[in-house]
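Subject: Structure for you to look at

Hello,

I am passing on a structure that I would like you to look through at your own pace, and my notes on it are below. Please open it beside this message as you read.

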2 protein chains.
Amino acid sequence: MKTKKSEETRTRILEAALDVFRERGFEHATIREIAAAAGVAAGAAYYYFESKEAIVMAFYERSQGQMGPQIDAGLEKSKTLEDRLRTIISTKFECFGPNRKLLGALSAHADPDHPLSPFSKETASIREVDIQFFSRAVMDSKVRLPANIKPYLPRLLWMYQMGLILFWVYDHSKDQRRTMILYEKTLKMILVTLKIAGVPLLRPLHRLAAELLEVIYGEVPGGESTQKTALSSED
Amino acid sequence: MKTKKSEETRTRILEAALDVFRERGFEHATIREIAAAAGVAAGAAYYYFESKEAIVMAFYERSQGQMGPQIDAGLEKSKTLEDRLRTIISTKFECFGPNRKLLGALSAHADPDHPLSPFSKETASIREVDIQFFSRAVMDSKVRLPANIKPYLPRLLWMYQMGLILFWVYDHSKDQRRTMILYEKTLKMILVTLKIAGVPLLRPLHRLAAELLEVIYGEVPGGESTQKTALSSED
DNA sequence: TTTGTTTTTTGAACGTGTTCAAAAGAAGAA
DNA sequence: TTCTTCTTTTGAACACGTTCAAAAAACAAA
């Protein structure tokens with residue numbers, strides 16, 4: 001039974017953890033310190049969270065939840081694909097901003113089998129919600145892409161955004177200026193690329209890309225499949 | 001003084017570690033187990049290696065050293081850019097093959113500040129040797145690229161290769177078939193892209209790419225700079 | 001050989017994330 | 001209230017990576 005008090009304790013621990021993380025950095029923060037700050041025993045943290053890193057994950061999920069409406073509203077207003085992508089990505093930068101470095105604790109997991117990896121089946125639902133934003137951004141926009149590539153576009157854009165965020169997390173430059181330039185330039189490049197995607201010259205690239213995407217994401221456009229991991233494998 | 005015996009003990013520990021890693025996997029292998037297998041006390045490992053992960057790094061360096069001549073010989077023989085790139089990349093897959101999963105222990109570090117990150121200043125010399133291979137591959141090949149992009153090509157190809165390897169490390173498919181397809185298709189795509197890079201239609205992309213690369217790598221083509229990290233920042 | 005110096009090895013101890021049996025508390029049911 | 005059951009909390013204990021003072025071994029100079 002989900003009692004009120006229990007949920008309160010959970011957030012108290014989460015909040016305390018975020019404080020300590022911000023102060024000491026993720027690695028130097030100790031569970032005992034966090035527990036003390038939350039006014040509970042060390043073991044209590046493990047009643048609510050699977051691991052130290054899972055606390056960061058909880059923060060991530062919570063942020064994602066809070067971003068949802070904000071992104072929805074933004075997408076409502078903006079009309080062009082560029083505006084929509086900017087809405088999604090900029091919102092993330094803003095919301096994660098105060099805890100930017102914290103995300104470094106999660107980016108340690110490239111392994112899709114690790115529960116906390118952005119590509120794991122455990123994080124599938126978070127990821128799917130996220131990809132949905134990009135689906136909406138692409139939907140009824142003027143992009144004309146070959147039918148065998150278009151279905152993958154939202155996932156590719158999500159991947160792009162993950163890369164951007166990763167760069168951002170470790171960007172030491174003032175106000176993460178370098179990330180902003182990366183953002184600006186690469187976004188333009190993507191839009192230009194989508195714009196000229198129709199020219200016959202690029203046909204060979206399309207073919208290759210389509211073949212590749214089908215294998216990597218293991219899906220034919222229109223077919224159904226139970227894909228759980230971000231880059232599904234059928235081993 | 002570097003005694004013979006000392007070096008021998010070091011490799012004994014390294015070899016024992018690799019055995020245990022292969023058997024138990026990196027995470028489940030314990031230092032005490034490794035030390036026991038090497039016939040030394042637990043602390044001894046730390047006389048020779050900075051950390052458990054540093055042992056994997058040592059393996060990486062050693063492999064890199066062994067690959068060098070092999071790649072050199074291969075580059076000598078092959079004439080086209082495609083052949084050269086295949087030589088470099090395939091050699092890596094072959095050499096790392098038996099210890100593929102081990103590299104996962106290193107890929108945990110996206111943080112360029114971490115000593116064991118592929119992008120850190122500590123690993124700069126390894127990285128530079130590696131990038132040299134790609135320089136040789138590009139050198140006196142028929143690729144015609146704008147002068148403001150071409151200098152970055154070796155580093156971009158190195159980055160591409162790192163991505164491939166990362167995918168490979170976590171590829172569960174039989175014989176890493178999916179990675180091989182990714183390899184095949186993306187390599188073709190890169191070659192096609194380089195081939196058509198000259199057409200005027202792509203001019204806007206060139207401009208954006210050049211501006212971006214200059215900021216990210218912090219270098220003007222021809223200027224000197226003391227870049228230490230893989231994606232240098234001037235904060 | 002003896003003495004002094006440097007390199008190597010040891011293993012106990014530390015700090016940390018994590019586990020878990022047991023205690024404490026909350027919520028009904030009587 | 002008292003008994004029962006479920007949830008929450010505790011804190012000692014564990015395993016592991018790592019440190020380090022001290023012992024041992026190797027070496028150099030006399």
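The notes that follow go through the two protein chains, the DNA strands and one pair of helices.

Please keep in mind throughout that this is a predicted model.

I began with how the two protein chains are related. Chain B can be laid on chain A with an RMSD of 0.0 Å, and this takes a turn of 180° with a shift of 0.0 Å along the axis. The two copies are therefore related as by a two-fold rotation axis. If you want to find that axis from the side of chain B, look for B:Ala108, whose C-alpha is the nearest to it in that chain, at 2.4 Å.

Next comes the interface between the chains, where 33 residues of chain B are in contact with 33 residues of chain A. On the side of chain B that touches chain A, helices α8 and α9 (203-217) of chain B each supply at least two residues, and α8(B) gives the most, with nine residues. The residues on this side of chain B divide into 19 nonpolar, seven polar and seven charged. Because 100% of the interface residues of chain B are also interface residues in chain A, the copies meet through the same surface.

The DNA strands can be taken one after the other. Around DNA strand C there are 19 residues, and the closest are A:Gly43, A:Ser51, B:Ser6, B:Val40 and B:Gly43. Both α2 (31-38) of chain A and α1 (4-24) of chain B supply at least two residues of the surface near this strand, and that surface divides into nine nonpolar, eight polar and two charged residues.

DNA strand D is likewise surrounded by 19 residues, of which A:Ser6, A:Val40, A:Gly43, B:Gly43 and B:Ser51 come nearest. Here the elements that give two or more residues are α1 (4-24) of chain A and α2 (31-38) of chain B, while the surface near DNA strand D divides into nine nonpolar, eight polar and two charged residues.

Finally, within chain B, the axes of helix α7 (residues 153-169) and helix α8 (residues 177-195) come within 10 Å and cross at roughly 165°. Since angles over 145 degrees count as roughly antiparallel, that makes α7(B) roughly antiparallel to α8(B). The contact is made by B:Tyr160, B:Leu164, B:Phe167 and B:Trp168 of α7(B), together with B:Thr179, B:Leu182, B:Tyr183 and B:Ile190 of α8(B), and these residues divide into seven nonpolar, one polar and no charged.

Best wishes

Note on methods. Residues numbered from 1 in each chain as written. Chains lettered and ligands numbered in written order. Predicted model: local features only at pLDDT ≥ 70, side-chain atom pairs only at ≥ 80, totals over all residues. Axes fitted to C-alpha atoms, helices over the stretch in contact; angles between N-to-C directions. Helix = DSSP H or I, 4+ residues; strand = E, 2+ residues; numbered from the N terminus. Parallel < 35°, antiparallel > 145°, perpendicular 65-115°, else oblique. Contact = placed C-beta atoms within 7 Å. Nonpolar A, V, L, I, M, F, W, Y, C, P; charged D, E, K, R; others polar. Near = placed C-beta within 6 Å. Least-squares fit on C-alpha atoms with pLDDT ≥ 70 in both.
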